[in-house]
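Me: I'd like to go through this structure with you, a bit at a time. Could we begin with the cysteines?

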Amino acid sequence: MNSISLSEIHQDRTSLYAMCCQSRRKPQLITGAETLSQFLQRYCPVVTETYYPTFWCWEARVQTLLRPFITTKPWVKYRNELIKTADGGHISLDWNDSDENALYPVSATRPIIIILPGLTGTSKESYILHMVKQSEVLGYRSVIFNNRGVSGEELLTPRTYCAANTEDLETVISHVQKTFAEAPLMAAGVSMGGMLLLNYLGKTGQQTPLKAAVVFSIGWDVFECTTSLEKPLNWILFNYYLTNCLQSSINRHRPVLEKSFDIDYVLKAKTIREFDERFTSVMFGYQTIADYYRDASPYLKLKSIEIPVLCLNALDDVFSPSHAIPMQSAKQNPNVALLLTAHGGHIGFLEGIFPRWATYMDRVFKQFTQAVFEHRDELKNT
């Protein structure tokens, strides 16, 4: 048996101490305008607080993998609505109306948050349920935009969804605005949902009814995201599983889709990139996978965003490599704020010894949402 020297023990302890200290840092707040920075620091104090990741699962992949199992799934009452689309399809919306909350008793003017889940997510995900519950506590109405074909409804046309095409989101926002014309609106997006939201905002500029938006754990450059997820360990832990989830959804809708696509070929894909090359890019009319990934990358739209947006990313997120986060571009847009934590993983942000309840991400969502609706006159002046 090899002996271990005191110096080696000391080095191990020093390394462990260094990692623990590194994990306890205040987040970086990067903005293009001092007024937006001041607004956030005044009404969202969480942006200046040190983020303490759960000490026994601070590593990025562990945070990402454990969050769905550790955090609670609060009970939420939904009202489902199917709305028609221009191509003959339909979109499933899950509403939480907060009718029993006395903070905003007038239904017509109750603030509304449109929430966009991740790549294969629905209104039932734990991170979505926490956001809905936070909204409910504040008295706001929330509505979850479930992408086509993922929440149990049948596909009526051979079309699903992607991060670049914003038509369905535009349909949803228009529908919500027409239904509650007097209510202020904002939106929140997680992972791919956040990418879609930023791509929409980059496309519409000032021509959006949304007052503000917040996004979490988005991939800024899809090329870099897929490259990171194709590293051996990341492929085993995440890429393979997500590819299977996408394929399962496609297979469930085979009767509608097989008229337009080679489903057997799609089901042989081993990575998200192969799935997108064989299915997603083809469905939405891109000549190459590179054309689709370029169009889906939000960093290219950042300069065109003209409403206040807060973007939370962890620098150790393997889904969104830190070198691809557009820090310099954010500094050039007075409407954009990046909030970057050293740790947190992908939609993780677990904190405390037993992180079953609110995460750091939940606290950012709650404080920013409240700031937007309660102090929106000041936000206009940022």
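Me: Is Cys44 buried or exposed?
Reply: Cys44 counts as buried because its relative accessibility is 1%, where buried means under 20% relative accessible area, exposed over 50% and partly exposed in between, with a 1.4 Å probe and protein chains only. Bear in mind that this is a predicted model, in which local features need pLDDT of at least 70 and side-chain atom pairs count only at pLDDT 80 or more, while totals for chains, interfaces and linings use all residues. Residues are numbered from 1 along each chain as its sequence is written, and side-chain values use heavy atoms, leaving out hydrogens and water.

Me: How many disulfides are there in the whole structure?
Reply: The search finds zero disulfides, a disulfide being a pair of cysteine sulfur atoms within 2.5 Å.

Me: Why is there no bond for Cys44?
Reply: The closest cysteine sulfur, in Cys311, is 13 Å from the sulfur of Cys44, so it is too far for a bond.

Me: And what about Cys245?
Reply: Cys245 is in no disulfide either, with the nearest cysteine sulfur, that of Cys225, 18 Å away; at 22% relative accessibility, Cys245 counts as partly exposed.

Me: New topic: which residues touch the most other members of the largest nonpolar core?
Reply: Among them are Ile114, Leu197 and Tyr292, in a core of 69 residues; such a core is a set of buried Ala, Val, Leu, Ile, Met, Phe, Trp, Tyr and Cys residues joined through side-chain atoms within 4.5 Å.

Me: Is there a second core, and which residues does it include?
Reply: A separate core of 40 residues includes Phe216, Leu310, Val364 and Ala371.
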